[in-house]
Amino acid sequence: MRILFNNNIPLPPLELLHSFFFLEPMEWRRTYGRAPKMIHLEANFVQFKEELLPKEGNKALLTFPFLHIYWTDCCDTEMYKSSVKEDMMRWQNSLRTHGSSDWVIIVVETNDTKKKNKTNILPRSSIVDKIRSDFCNKQSDRCVVLSDPLKDSSRSQESWNSLLLKLRTLLLMSFTKNLGRFEDEMRTLREKRTQPGWSFCEYFMVQEELAFVFEMLQQFEDALVQYDELDALFTQYVLNFGAGDTANWLGSFCAPVRNWSGLLLRRPIDMEKRDGIQRGEASLLDLRSYLFSRQCTLLIFLQRPWEVTQRALELLHNCVQELRLLEVQVLEGALDCWVFLSCLEVLHRIEGCCDPAQLAANCSHTVGLWAAAHTGAVHHGVPAPSGLDFTLHFNSLQSPYKKLKEALSSVEAFERHYLELSHAAMEMYQAIGRLRSARLVGKSLAEFYMRKGDPERAETFLQEALKSYVSEGWSLPVTHTRRQVAECQKLLSKTEDYLQTSALLAGDVNLTTEERKHFCQEILSFTGKSGDQPHKVTLSMGVFAQLTQLKFHPATASVHSGAVLQVELTLRCLMPVSVRIQQLVASIHFEVDHGGTHGRSKGAQRQTHPGTVVFSQSNSSVGPPSSSGAGPSLELDEVQDRSPSDNSLNSTGVICKNTHLLMRRHDSNSPPDTPNCISPPTVGIKEGAQMLKVQDVTLEPGNNSITFTAPPGTYTLRQLCATVGEVQFILPHIYPSAQYEVYSQEPQLTVEPLSEPLLAGLPQKVKFTLLTGHYTVKKGDALQLSNTETMPILPSTSCTSTLLTLSIQSSEKVTSISLPPAPPYHTLEFQLEVLCIIPSGADRPANERLTNGEVRHRPRSYSHPDTPMTAIDQRMSIDCPWSIYSTLLALTFYIPFKTKHSLLSAGNRKYIQVCVQNVSDVNFTLAEVKLTEKQHASLELQSLNTKTQQLLCCKHSVFCLWEVRWKDDLPSCLQCVFSANFSPLSQDISAYKPFHYQFQLERVTTLYSVKAEIFPPAGEQHCRSGVLCGLEVCITRLTDPAEGEIAEDSKTETDGPKTTKLMYEVADSSSNWAVCGKSSGMVLMPMTANATHKVQIEVMPLFAGHLPFPKIKVLKYLPHTAAVAIQPDPDSCVENDSLSLLDKTLDDQGDTASIRSRGSVHSVGSGDQQQKGVAMPRLDPFSPGQVFNHSHARQVLVLPATDDHIMEVNAT
């Protein structure tokens, strides 16, 4: 930045200022909210001259004086008034005239001036104050004092620092202000670009001035932005010109190109081209070259050399297009020379700022420039130096211009340099993985070899280029390259490859009909030769014909042996003329898992296609629909392992059926597996393979239909081969896979119910299905059904069949069904009625054998997890005429009822209740409900059921009740049989079926009667809560001992009756009563009729109201059965309140909570006896009905306790 100074003193301080000014950075805060940056200010101090002040309209920032300094060391007031003040006034008037308001006055104070003027009556401060008063009235900071600038003292250093800070601040403020004004003027000038007379060159110089300023401040990114904006603005104008929107100033850039010297990047600024732009005489190439050279310089400063190469490629492409849009006249070859020289210049500049290691690691950025140089050299026969040699030894080479002149001097030099450049470019492309670019360079090299008469080398490069065209789908380049390959192969006498390529070209629609017929005739001419070849030539069928469709007749692709299965192929011939085929063969593969006589269960599951397979046209049926590089996709199939006995599934899995295509090794140099390739792989027909053949077929252009007849077995079509003379066209793999089956099946007999579920006790229809398979049913053949007696087959004179009426003959254990004559692979269906007898619960006899010698297992009922009904499995054995083995079939029946019984007592009267629950989903009607006793004829069961028929809905129950009456004595054991007739609600009376349920009741006689009474306390009429009451329990023996009573329960005393021990317990589970005193005890009860024992217990009601009586339990006390035992004292047992805890269940433990609080659990006998293992007595409950409790449902009135509290009430 320029600083003008005016002084009347010597200038030693200015040298120090210039050296110290750049040391420290300053924070630069720009306008419009842009981020602040740290910059170093570099000042250029220039002696003040009025002609150096900026004139109006001057837009040069580099020469603009941003700050003006006036130096003075005046210390005398008279001198100040006489000369210095006037000089300052003239200096400020000049600044004001030119609009410069950024100035500062520096007063230098030294010891010399002090000594010289020591007699001065005024102090120094008065001079500074006078200057500030005269010139810095409102800006006192514009006057700065510098003390002893040449001395090394702290005062001098502090004065220097203050001065430098002030100068930096003022200079930065002035620069920011003037830069903002310059940017505003530049924007104003840019907005006038639509006005007539606006010049891009003038605007270019203005914005470049701004870029120079940023570059001076080392803000290279901001400087690069300015050039990018100029680049974009010029490009937009050129594009608008191409669209018809012209600008007058573009006329100078449309002048013919006279200079094509290329880029010049070795100089930071190309002043020659810049002057041409400033004068408006630069051409388009001059402007672009200068603009790129400036961008390149800034990118190098930013350490982004690889971006230079990218921008260089864009520049070369854009310049060519812009010259065409602006219709600029260029001499032939001049533009290619400019491109060539520019590429070398950029590469030379990049090499100058990077070491060899960086160049080798980043060759992907420079290879594009080598390719561009190669392209420019090829267009007009201009060679370029070798890429490898140029990269490693560029400094040793001549300049690009001399190298160009040397290459054009002779044909040999051109060929040598061209081959070196081509091979080096290919190697660089391959090193960075850009195979497509390498192959394109190779194709250009192949054309060079073709012109030189070297087809062997040319074919190699053409094959590589063809791979790229095929993989990317460029049909026209593929056709053009194939023609070149065919020409090379014909010259090299590669017969098979030439025939393969000719076949591809004969079917190529991009060629004319005459060209296609020519290549087709080449193939037919070779096929007509006989005996010239030792073996037949194998070609891919994809180049000759395409398999488009495969159809089976019948469409199921599955027939039995003896029937005819035809396979119809549709081939689309790609040849332009008719072709006669001597033999067409389809290779088939035998599927072991489906063949033989093991049945066709899995084969039937596989055939899911509708009988027609359509093949993809894009891939010509040689593989799955995928890209050529991806290879064939997986062809998966399901495999099941089934049991040979019952055909149950043991395991299942997945296999790959085309592993021979997926697991093979692919050579990197081999062509891809695709019909569009120049040499598809030739896979021959496998030796020993079974085949479908047709002879003498003529294929017309377009679709052709060929029909094969399939042999027996399960086969998959794998390959297709067409023989034309000495040439075989082979389709190596048919995808999607097509499979057919001509099967031989064993007869199968299945049985299934017509309705679900099968209900036991009711006639149920089941359907028998007979698949005859390969067996022919003859007259007299019959099925022998061996069934159990619990599942008889209902007699019937005939049953319905799909063919005719079947004759059925039934005996006790065997049912014979005569089958009508039937051919193989037919289906016979007939229905039978079976009845599963509901088990009554009686004892089952031992297992017996069926008529065929097999053990007949009695069906056992079990609970099914999916239904509340009880299931019964019934098995039957069937002897078939086609097998010496019996077929076992099973049917599952469900019992629709669940039955339970109970014994009820009312004193000495007995009742039997039977509950029938319907657990099925069918509504039934129950009729003739009966209950009988099998052993005692004198016993009478009087029915209390009023209805003769009852409705039993699903999920509901019916209760039936009978009273037991007897004459002499009630038996201790009853054998009862419950019987009823039932039928579904929708059927009539004739459909009733019997139902029996047998059960046994033991110990039904009432032995004891328990009565309880609760007495209020003395003097009270009713019980009160919280007051003790008396509970009297009376236990009465009702009958004399029977013969079957347990002998060890009784005790015979001398000349006394028999007695038994009973245990009583009083407890209340509902917490209505508190039992006080003894709640349990043991009594000795005489075993005589009407013997009575009373127990007095104190209880306390806890609540008021009608409370139910406490629960009273009576249990049998069974002594131990050890041979040697010490009998306990009965009194001690009676007094022990905790005896009721012996052998009690969890339900009874809740009734003795009050007992547990008063004592711990004790067993009969001492602790020593327990340690010696003495057997302990136990408690046994009575059977239902043996003890009748008269107070079971009684209640007693309990009044609330008397409230004697006094309540005071005040009334006013």
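These legends go with several close-up views of a predicted model.

**View 1. The whole protein, before we zoom in.**
Let's start with the big picture: the protein has 27 helices and 54 strands. There are 1212 residues in the protein, and 46% of them count as buried. About 61800 Å² of surface is exposed, with carbon and sulfur atoms supplying 51% of it. Now think about who touches whom: take the contacts with a separation of 6 or more, and 72% of them come from residues 24 or more positions apart.

**View 2. A three-stranded open sheet, β21-β23-β28.**
Here three strands line up in the order β21-β23-β28 to make an open sheet, and the pairing is antiparallel. Which strands stand at the edges? They are β21 (748–753) and β28 (827–834), and each has a single partner strand, so one side of each is left without a neighbour in the sheet. The strands aren't perfectly lined up either: ignoring direction, neighbouring ones are turned by 20° against each other on average. Zoom in on strand β23 (residues 764–771) and you'll find eight bridges joining it to β28, with the two running antiparallel. To pick out one bridge, look for Leu770, whose partner in β28 is Leu828.

**View 3. A four-stranded open sheet, β13-β9-β11-β17.**
This view shows another open sheet, this time built from four strands in the order β13-β9-β11-β17, again with antiparallel pairing. The edge strands are β13 (612–614) and β17 (702–709); each pairs with a single strand, so one of its sides has no neighbour in the sheet. Going from one strand to the next, the twist averages 20°. How many bridges join strand β9 to strand β11? Eight, between residues 545–553 of β9 and residues 566–573 of β11, and the two strands run antiparallel. If you'd like a landmark, try Leu547: its bridge partner in β11 is Leu571.

**View 4. Ser174, a serine in helix α5.**
Find helix α5 (residues 154–191) and you'll find Ser174 in it. Is Ser174 buried or exposed? Its relative accessibility is 0%, so Ser174 counts as buried. Set aside the neighbours within four places in sequence, and Ser174 is in contact with Phe66 and Asp102. Trp103 is worth finding too: Ser174 and Trp103 are 71 residues apart along the chain, yet their C-alpha atoms are separated by 9.4 Å.

**View 5. Ser468 and its arginine contacts.**
Our next serine, Ser468, sits in helix α18 (residues 455–472). With a relative accessible area of 4%, Ser468 is buried, because anything under 20% gets that label. Which residues does Ser468 touch, not counting those up to four places away in sequence? The answer is Arg436 and Arg439. With Arg439 there's something extra to see: its side chain and the side chain of Ser468 make a polar contact at 3.2 Å. You can also look for Leu440, which is 28 residues from Ser468 along the chain, with 8.6 Å between the two C-alpha atoms.

**View 6. Phe200 and Trp249, a stacked pair.**
The structure holds 27 aromatic pairs, and this view picks out one of them. The rings of Phe200 and Trp249 are stacked, with 5.1 Å from centre to centre and 20° between the planes. Phe200 belongs to helix α6 (residues 200–216), while Trp249 is in the loop between α7 (220–242) and α8 (271–279), so the pair ties together parts that are 49 residues apart in sequence. Phe200 is buried, at 1% relative accessible area. Trp249 counts as buried as well, at 12% relative accessibility.

**View 7. Phe234 and Phe253, an edge-to-face pair.**
Why is this pair called edge-to-face? The planes of Phe234 and Phe253 meet at 70°, and over 60 degrees counts as edge-to-face; the ring centres are 5.2 Å apart. Phe234 lies in helix α7 and Phe253 in the loop between α7 and α8, so parts 19 residues apart in sequence are tied together by the pair. Both Phe234 and Phe253 are buried. Step back a little and you'll see a cluster linked by ring pairs: Trp198, Phe200, Tyr203, Phe204, Phe234, Tyr237, Trp249, Phe253 and Tyr290.

Terms used:
Residues are numbered from 1 along each chain as its sequence is written. This is a predicted model: local features need pLDDT of at least 70, side-chain atom pairs count only at pLDDT 80 or more; totals for chains, interfaces and linings use all residues. Side-chain values use heavy atoms; hydrogens and water are left out. Two strands pair if DSSP finds at least two bridges between them. Axes are lines fitted to C-alpha atoms, for helices over the stretch in contact, and angles run from 0 to 180 degrees between N-to-C directions. Buried means under 20% relative accessible area, exposed over 50%, partly exposed in between (1.4 Å probe, protein chains only). Contact means heavy atoms within 4.5 Å. Accessible areas come from the Shrake-Rupley method with a 1.4 Å probe; for residues, only the protein chains shown count as cover. A polar contact is a pair of N or O atoms within 3.5 Å; within protein, one must be able to donate a hydrogen and the other to accept it, and residues adjacent in sequence count only if both atoms are side-chain atoms. Rings of Phe, Tyr and Trp (its six-membered ring) pair if their centres lie within 6.5 Å; planes under 30 degrees apart count as stacked, over 60 as edge-to-face and the rest as tilted.
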